[in-house]
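Me: I have a protein model with a ligand on my screen, and I would like to talk it through with you. Could you start with the terms and then take my questions one by one?

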Amino acid sequence: MQNELSGSDSSVKKRRDICKKLARYLSWCGFNTKVFNVGNRRRVVDNVTKSSETGTSHDAKFFDHSNAEAASLREKVAAETLNESIEWLKQGGKVAIHDMKLQGPDYINMDPEEALKDFRNRISNYEKVYQTISDEEESRNLRHGESLYNMVGRLGGDSSLSANGKKYAEALYEFIENREMIDGEKEFDRKQNDSTWSLNSKVEALRVFTSTLKRTLETAEKFEEDPEKYEISHIKFLNEIYAGAFEDMTYEEIKLKHPDEYLARQEQKLQYRYPGAGGESYLDVIERLRPVIIELERMRVDALVVTHQVVMRTLLAYFTGIPLCDVPKVKVPLHTLYCLQPKPYGADLHRYAYDPKTGKIEYQGEGYEFV
Ligand code: F6P
């Protein structure tokens, strides 16, 4: 349960952000999760009762301790919301998040003025130790450049980039180096000139994550040259789905030699686990990506993630709230960059794709597509 005493916009926003993030994470972990917001219900009630005698529009008077009628309406609405969430749990929901504003137990017998003063003091103490959540951090996610295996349609393996893949890697580096903000200023210059961007006026390096497979290492190779600007980590969790006994095969070969397995995957792509030692399913990949998601969530600097098809689908699904069942259908073509800007209720997503005619990465559009 989330609670607060004052109705300040920023604390309400933070509380809602936390509820939404929690709901997104739990849903993505496979728990049917819903946020039950007392404020929303209260506003509905308010619309119905506004013209009544009590006139309970929700200004400070509504939260005044001496306003007995308003207090009883507040309690009623909170109880109804709680009942609604319990009902929903009984009908199969797994996690109900009860998001409400309440008079905290610490303040029950305190003079409201004093309580507010105390609460504000607490907030300012919290602010000294917690970093403010900012909407500015962006994460850019992409698959590696075309590999030799991609050219012939082979699954998995650890092949190098093709000639096209190498060109893309160069264009990617240029794109990130020269990426301009909306007003035309270079992102890196902006940060260097603006001390509010980071603590101690120091420009934080862009965090670059790759898998441990050659095709992602080679895609991000150029970034290794400037450790001041780019801090690179190679993470095994970001490796592609492991196709077990079917690694290095093409889909046609699998269809021909193992038609039942081929069909089983077509029918249940999310759950299907490749046979053979270490063979994985989408659900396995989702599970192993949890620590990466947590790391990306808690980061306060921009990130660039260079990874593979299944991992990309999973990351995009998490950050944009695509339901688990649709993860295998998300379209993530090669040589396409997905820029995510976190927002309280999800994330803005912009696509950029490599144009072999210009040799540059160009803006493509908003949002994701399905295959
Ligand atoms: O074909 C490239 C690839 O990354 C393979 O290594 C991997 O098995 C496959 O994509 C995953 O995509 P899908 O789940 O659609 O088969």
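Reply: Happy to! A residue is near a molecule or strand if one of its heavy atoms lies within 4 Å of it. This is a predicted model, in which local features need pLDDT of at least 70 and side-chain atom pairs count only at pLDDT 80 or more, while totals for chains, interfaces and linings use all residues. Residues are numbered from 1 along each chain as its sequence is written, and side-chain values use heavy atoms, with hydrogens and water left out.

Me: Which residues come nearest to the ligand?
Reply: The shell around the ligand divides into five nonpolar, three polar and five charged residues. For that split, Ala, Val, Leu, Ile, Met, Phe, Trp, Tyr, Cys and Pro count as nonpolar, Asp, Glu, Lys and Arg as charged, and the others, Gly among them, as polar. Of the 13 residues around the ligand, those that come nearest are G156, E240, Y251, K269 and Y282.

Me: Which helix gives the most residues to the shell around the ligand?
Reply: Helices (H or I, at least four residues) and strands (E, at least two) are DSSP runs, numbered from the N terminus. The helix that gives the most to this shell supplies three residues and spans residues 309-320: it is α13.

Me: How much of the ligand does the protein bury?
Reply: Polar contacts (pairs of N or O atoms within 3.5 Å; within protein, one must be able to donate a hydrogen and the other to accept it, and residues adjacent in sequence count only if both atoms are side-chain atoms) are a good place to begin. An oxygen atom of the ligand lies 2.8 Å from a polar backbone atom of G156, and an oxygen atom of the ligand is 2.8 Å from a side-chain N or O atom of R265; for a polar side-chain atom of R313, the distance to a ligand oxygen is 3.0 Å. Taken alone, the ligand exposes 400 Å² (Shrake-Rupley method, 1.4 Å probe; for residues, only the protein chains shown count as cover), and the share of this that the protein buries is 91%.

Me: On which side or sides of α12 do its buried residues lie?
Reply: Buried means under 20% relative accessible area, exposed over 50%, and partly exposed in between (1.4 Å probe, protein chains only). In helix α12 (residues 290-298), the buried residues are V292, I293, L296 and E297. They cover an arc of only 135° around the axis (taken from the directions from the helix axis to the C-beta atoms), which puts them on the same side of α12.

Me: Is N239 buried or exposed?
Reply: N239 sits in the loop between β5 (230-234) and α9 (251-257). Its side chain makes a polar contact with the side chain of S211, at 3.4 Å. With a relative accessibility of 12%, N239 counts as buried.

Me: Is E366 buried or exposed?
Reply: E366 lies in strand β9 (residues 360-366). Its C-alpha is 9.2 Å from that of Y352, 14 residues away along the chain. At 62% relative accessibility, E366 counts as exposed.

Me: What phi does H335 have?
Reply: Most residues other than glycine have a negative phi. H335 is in the loop between α13 and β7 (336-343), and at 13% relative accessibility it counts as buried. Although H335 is not a glycine, its phi is positive, at about 60°.
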